Amino acid sequence: MAKDTPSSGKEQEVVSRRAVVGATVGGVGAATLVGVAAAAAWPESSGGGGGGGNSTGGSSNGTDDTSKFAVWDPNTQPPEDFKAVDPVLPPAPAETVHDITLTATEHKGEVALGVVQELWGFDNKVPGPVLRGKQGDQFNVTLKNEGAIGHSVDFHASLVAPNVRMATIQPGEELPYPFKAKHHGIYMYHCGTAPVLHHIGAGMYGAIVIDPPDLAPVDYEFIFVQSEFYLGEPEGVGDYDKMLNEKWDLVTFNGFANQYVYDPIEVDLNKRVRAWVLNTGPTNISSFHIVGTIFDTVYKEGNHLLRPGDGNNNGGCQVLDLMPAQGGYVEFTFEEAGLYTMVSHRFSDVPRGAAGVFKAGEFDLPTDGDMGH
Ligand SMILES: [Cu+2]
């Protein structure tokens with residue numbers, strides 16, 4: 001189980017990455033990187049305001065009292081020792097049979113600097129643990145409910161009878177969910193208990209990666225799960241009326257607004273990087289883009305759309321577009337030393353937290369903090 005999660009045993013790696021940032025930029029902190037990497041994209045204020053979210057015009061979230069909701073101030077500065085969730089995706093374990101226990105719980109967690117919500121999740125994580133195997137592997141999942149309300153799990157990577165395997169179980173119960181991963185891809189899993197929108201919106205989702213048989217070796221593999229949050233009261237659960245009305249407050253990669261802006265991902269130049277991306281929604285779209293790069297390889301929903309040598313005459317891709325529950329990967333290299341901002345190019349989501357930074361190679365930070373993007 002533990003070996004299937006990207007966050008296990010990675011603390012040291014995070015620490016060393018952070019140390020390199022400090023050494024390289026002469027102790028310039030995460031707050032400076034926020035300004036340098038995203039100055040033009042950041043609002044002076046608002047963006048995370050209560051009842052803000054997707055402004056589709058006219059629709060009400062059903063309450064006049066938006067003051068009760070938690071609010072994220074996007075100008076909040078991270079502590080110097082801020083550590084992002086490790087985005088490294090470890091390789092699939094050698095075993096072909098994966099015995100996995102997933103525990104459904106409710107817990108308190110921070111989704112943006114200073115914003116704590118009651119989260120419904122798997123293994124006390126939002127997103128839940130990343131699972132990985134190869135095409136043809138057997139997954140013997142056991143769902144345990146250690147929460148206070150009914151939950152369930154729905155693996156999009158499985159071919160099973162929903163009324164049997166995806167049944168809601170009550171607190172204290174458990175349910176076996178065995179399946180064979182017959183089709184490769186990056187799939188969503190989520191709680192399917194009614195109202196599903198509320199359970200997913202409160203955090204009950206995760207990714208399972210089933211490697212294609214011809215997956216080429218790369219220098220770095222990362223995974224980014226995009227999801228949006230609909231802030232409820234401070235330390236309360238996400239607001240269901242906001243979810244129904246598509247008024248999200250935060251858009252995050254791996255469950256925390258701007259975390260890779262505060263704690264950039266370090267890579268060497270001219271190395272091949274693969275970024276797996278899954279959009280778990282529950283409702284928003286994703287338009288994954290990295291400023292200053294072109295993707296030369298794109299895999300989406302079980303299919304290679306672009307790959308060097310496939311006869312495409314050096315075609316390039318700027319965005320991996322993902323509807324809710326879709327996923328794929330892109331590959332690219334950084335050719336010049338610098339800071340490369342990743343975003344969802346649905347740009348109203350950027351001031352809501354859908355941004356991150358890759359720090360490629362060694363360089364001196366500019367002093368005026370303007371990247372012109
Ligand atoms: Cu649930």
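Which strand does β3 (residues 131-134) join through four bridges, and do the two run parallel or antiparallel? The partner is β8, and the two strands run parallel. One pair shows the register: G133 has I210 in β8 as its bridge partner. This is a predicted model, and β8 is a good place to enter it.

Strand β8 covers residues 205-211. Six of its seven residues are buried, so the strand is mostly covered. Strand β7 (residues 185-190) also pairs with β8. Here six bridges form, and the strands run antiparallel. I186 stands opposite V209 in β8. Both senses of pairing are ordinary: strands of a sheet pair through backbone hydrogen bonds, either parallel or antiparallel.

Now look at the core. The largest nonpolar core holds 86 residues. Within this core, A207, I208, W276, V277 and F358 touch the most other members. Take I208. Leaving out residues up to four places away in sequence, I208 touches L131, F155, A157, Y187 and Y189.

Step back to the whole chain. The protein chain has 373 residues, and 47% of them are buried. The secondary structure comes to six helices and 19 strands. Contacts reach far along the sequence. Among those between residues at least 6 apart, 78% join residues at least 24 apart.

One open sheet has four strands. Their order is β2-β1-β4-β6, and the pairing is mixed. The edge strands are β2 (115-122) and β6 (174-180), each of which pairs on one side only. From one strand to the next, the twist averages 25 degrees.

Walk across this sheet from β2. Strand β1 (residues 97-112) is joined to β2 by eight bridges, and these two run antiparallel. K108 stands opposite E118 in β2. On to β4: eight bridges join β1 to β4, this time in parallel. L102 faces L143 of β4 across that pairing. The last step is from β4 to β6, with seven bridges in the antiparallel sense. There F139 stands opposite F179 in β6.

Strand β4 (residues 138-145) has two distinct faces. Its covered face carries F139, V141, L143 and N145. Its uncovered face carries Q138, N140, T142 and K144.

A second open sheet has six strands. The order is β10-β9-β12-β17-β14-β15, again with mixed pairing. At the edges stand β10 (250-253) and β15 (303-306). Each has a single partner strand, so one side of each is left without a neighbour in the sheet. Ignoring direction, neighbouring strands of this sheet are turned by 20 degrees against each other on average. Inside the sheet, eight bridges join β9 (residues 220-229) to β12 (residues 273-281). These two strands run parallel. E221 has R274 in β12 as its bridge partner.

Next, a helix. H199 sits in α4 (residues 196-201). Is H199 buried or exposed? H199 counts as buried because 25 C-beta neighbours lie inside 10 Å, and 20 are enough for that label. Residues up to four places away in sequence aside, H199 touches W120, H151, C191, T193 and M204. G238 is 39 residues from H199 in sequence, yet their C-alpha atoms are 9.3 Å apart.

Finally, the backbone has some unusual spots. Most residues other than glycine have a negative phi, and most peptide bonds are trans. Two bonds here are cis. One runs from V126 to P127, with omega near -5 degrees. P127 lies in the loop between β2 and β3. Another joins A194 and P195, with omega about -10 degrees. P195 belongs to the loop between β7 and α4.

Positive phi values turn up too. E301 is not a glycine, yet its phi is about 50 degrees. E301 lies in the loop between β14 (297-300) and β15. With 14 C-beta neighbours inside 10 Å, E301 counts as partly exposed. A325, also not a glycine, has a phi near 80 degrees. A325 is in the loop between β16 (320-322) and β17 (327-332). Because 17 C-beta neighbours lie inside 10 Å, A325 counts as partly exposed.

Conventions. Residues numbered from 1 in each chain as written. Predicted model: local features only at pLDDT ≥ 70, side-chain atom pairs only at ≥ 80, totals over all residues. Pairing = 2+ DSSP bridges. Axes fitted to C-alpha atoms, helices over the stretch in contact; angles between N-to-C directions. Buried ≥ 20, exposed ≤ 12 C-beta atoms within 10 Å, placed from the backbone. Contact = placed C-beta atoms within 7 Å. Core = buried A, V, L, I, M, F, W, Y, C linked by C-beta atoms within 7 Å.
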